[in-house]
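Colleague: I'm new to this, so could we go through a few of the labels and what stands behind them?

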Amino acid sequence: MGIDGENDGMGAAGSAADLLGTGGAASADAGQSGAGDQGAGDEGAGGGDEGAEPDWYANLSADGGEADNPSNRDWIKGLGVKDIDGLAKIARDNQRALRESGRVKIPGADAKPEEVAEFRKALGVPDDAKGYAMPEITDESGNAIPLNTDLMNGVFEDAHAEGVPKAAMDGIAAKFVQRQLDMAADHDNQMRTAADKWVKDQGNQATEKLAAIDRAASALGVSRDEMIGLRNAWGAEKALSVMAKLGEGMAEDVMIGGGKGRFGISGAEAQAEMDKLKSNPEFYSKATQPGTAENARWNRLQNAAAAYADAQAKAA
């Protein structure tokens, strides 16, 4: 992408907020092509009344006259040129029109290097790729958005090799980057919508699950950019679910293993912990109340024990 993929988030610690998306040139005037005819017309208009042909018409060829390709004499007569000075004016106006329009001969397959160079210069192709302008894109606050300059310089090298005029390439480059920004914004909005839905689906356990995601990101050393990359690769819903499950498992490991830093409790351990907690009236009364930390922990233990029992049944 033309947008820089690297930013300060690479070293920052990741969190649930990252998965939720709440972390912090002029062209030639075409009208000039008719300048010669315009000058002739003015001269003709000044010619005035009709009358005998000027004597100097006899010096012009009358051969080859056809309806769509009149002879030189008929062509001049049709323009209404009355004297030699008017004819000279036509010639000068036509030459000036060709020169000011920037028209040059299109090089053929056997064109000389200097002919090709002249053609590229007339089109507005810069001397090298550095002649193109790097887009300057800003955010809503007016701050410059960092670009992937290596990628953009590569694009400019290709544009120069293909003979793209500067004015055209500068416009294309700016639109190219802006289109990427628009696509990224649309994608981010979709991820935010999916994340909001996931949070609502968790009901009164949402706070506990978001805390579990923070715990997992911290324990695994996942950076902010890596969390965002995970969300973009998996989608917000899956990324949130997986990280929450990881964080919940880590919490149970610490509680059961006494801070040994293990990961993944067995079904037998989960059942033993549940039996132990049943003997604690204060905990057990809160474990049946949705939305409490005790209820979230009890549900995790139940899920682990159920998964273990199911696996054992299938193995048998």
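Modeller: Sure, let's begin with F176: with 35% relative accessibility, F176 counts as partly exposed, because buried means under 20% relative accessible area, exposed over 50%, and partly exposed in between (1.4 Å probe, protein chains only). Keep in mind that this is a predicted model, where local features need pLDDT of at least 70, side-chain atom pairs count only at pLDDT 80 or more, and totals for chains, interfaces and linings use all residues. Residues are numbered from 1 along each chain as its sequence is written, and side-chain values use heavy atoms, leaving out hydrogens and water.

Colleague: Where is the place of F176?

Modeller: F176 belongs to helix α7, residues 166-201. Helices here are DSSP runs (H or I, at least four residues), numbered from the N terminus.

Colleague: How do you know that the span of α7 agrees with its 36 residues?

Modeller: The expected span is 1.5 Å times one less than the number of residues. For α7 that should give 52 Å, and its end C-alpha atoms are 53 Å apart, so the two agree.

Colleague: Why is the pair of Y132 and F156 called tilted?

Modeller: Rings of Phe, Tyr and Trp (its six-membered ring) pair if their centres lie within 6.5 Å; planes under 30 degrees apart count as stacked, over 60 as edge-to-face and the rest as tilted. The centres of Y132 and F156 are 5.5 Å apart and the planes are at 35°, so this pair is tilted. Both Y132 and F156 are buried, too.

Note on methods:
Helix = DSSP H or I, 4+ residues; strand = E, 2+ residues; numbered from the N terminus.
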